Amino acid sequence: MTAISTKAKEMRKVERIVAPPAAHWVGDGFHVHGFFPNGPLSAKRMSPFFLLDYNAKTEFPPREEPFGVGPHPHRGFETVTIAYKGKVEHHDSHGGGGVIEEGDVQWMTAGSGLLHKEFHESEYNRKGGVFHMVQLWVNLPAKDKMTAPKYQALANGAMGRVALPTGGEVEIIAGEFEGVKGPATTFTPVNMFNVRPSKGTSVELEFPSNYTTLVLAIEGSGRINGVDELKHDHLALLDKGGERFTLEATDDNATFLVLSGEPIDEPIAAYGPFLMNTQAELAQAIEDFNSGKFGYLD
Ligand code: MN
């Protein structure tokens, strides 16, 4: 017999609201607010997430030469690129490539390592336009850091979707909401949703209390637990004092990126595009990169 728990789920509170840090350029194609690892949003606190670069809406002029970032390596983690506006074209040293269209998500497992380049898609680049993007780095547990590289090209039509009774929807990229699963497979438990409540309505979200949980206001503004204002382009980090919280849209057409993942309780050794557990593994990554073990890419 299964015991029925009568213990009420506790509310989790907002631990801090973070304004977008000063933006910097990645190559000439990504003008990003690096929310973490940064200050109180340390790599340890944010685990399993390691880095969040947020390209708030930026108007790019028409240009023939593609905006973007040239060949660079990654090892030991996953990069997740969410295209809200604009399109990204990528190519890698294993012959892979593709276009991340508006509304799509690319979940790339760098694993043992590859080289890739990321540019604005050529037709979009020639026309110019608004670019609005998130790139998140999700750490891999030690046992999976050297897994073979792979991509999950998650088209918008493949996302899980739950219509909210008060209007709006939850789009599920990874994890599960009200029994509906997202298409992404993950190495450790990760929930990734685009939450779009109708203006003036809220949705209750619930994750295990130990999960690192944050909300980024992509479009419009909102309110958490009825009390904490979350302005457009700001990030809210929730505490670990409970499981559930409410997220209200205070604008029309609001979109909130909600991330919640189980922390990976392992040492972190990071250097540039390499994310390992020890300094020796970092040194090996640099040696492998220098000796061409990540392949070649023009
Ligand atoms: Mn990259």
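These legends go with four close-up views of a predicted model. Local features were taken only where pLDDT is at least 70 and side-chain atom pairs only at pLDDT 80 or more, while totals for chains, interfaces and linings use all residues. Numbering starts from 1 along each chain as its sequence is written, and side-chain values use heavy atoms, leaving out hydrogens and water.

**View 1. The manganese ion and its four protein ligands.** His72 (NE2), His74 (NE2), His116 (NE2) and Glu118 (OE) coordinate the manganese ion at 2.1 to 2.4 Å. Donors here are N, O and S atoms within 2.8 Å of the metal (3.2 Å for Na, K and Ca), and since water is not among the atoms, sites may look incomplete. Read along the chain, the donors follow the spacing H-x1-H-x41-H-x1-E. Histidine 72 sits in strand 5 (residues 68-74) and histidine 116 in strand 10 (residues 114-120), so this pair, 44 residues apart, links distant parts of the chain. Strands (E, at least two residues) and helices (H or I, at least four) are DSSP runs numbered from the N terminus.

**View 2. Two of the ligands, seen for their burial.** Histidine 72 has a relative accessible area of 18% and is buried; histidine 116 is buried too, at 0%. The cut-offs are under 20% for buried and over 50% for exposed, with partly exposed in between (1.4 Å probe, protein chains only).

**View 3. An open sheet of seven strands.** The strand order is 2-3-4-11-6-9-12, and the pairing is antiparallel. Strand 2 (23-26) and strand 12 (150-154) are the edges, each pairing on one side only. Two strands count as paired if DSSP finds at least two bridges between them. Neighbours in this sheet are turned by 25° against each other on average, direction ignored. Further in, strand 6 (residues 77-85) and strand 11 (residues 129-139) run antiparallel and are joined by eight bridges. Lysine 85 has histidine 132 of strand 11 as its bridge partner.

**View 4. Helix 3 and its two faces.** Helix 3 (residues 279-290) has 12 residues and spans 17 Å from first C-alpha to last, close to the expected 16 Å (1.5 Å times one less than its number of residues). Leu282, Ala285 and Asp288 are buried. Down the helix axis, the buried residues fall within an arc of 125°, so they line one face; the arc is that of directions from the axis to the C-beta atoms. They pack against strand 25 (269-271) and strand 26 (274-276), contact meaning heavy atoms within 4.5 Å. Over on the other side, Gln279, Ala280, Glu287 and Asn290 are exposed. After the helix comes glycine 292, with a positive phi near 85°.

Terms used
Axes are lines fitted to C-alpha atoms, for helices over the stretch in contact, and angles run from 0 to 180 degrees between N-to-C directions.
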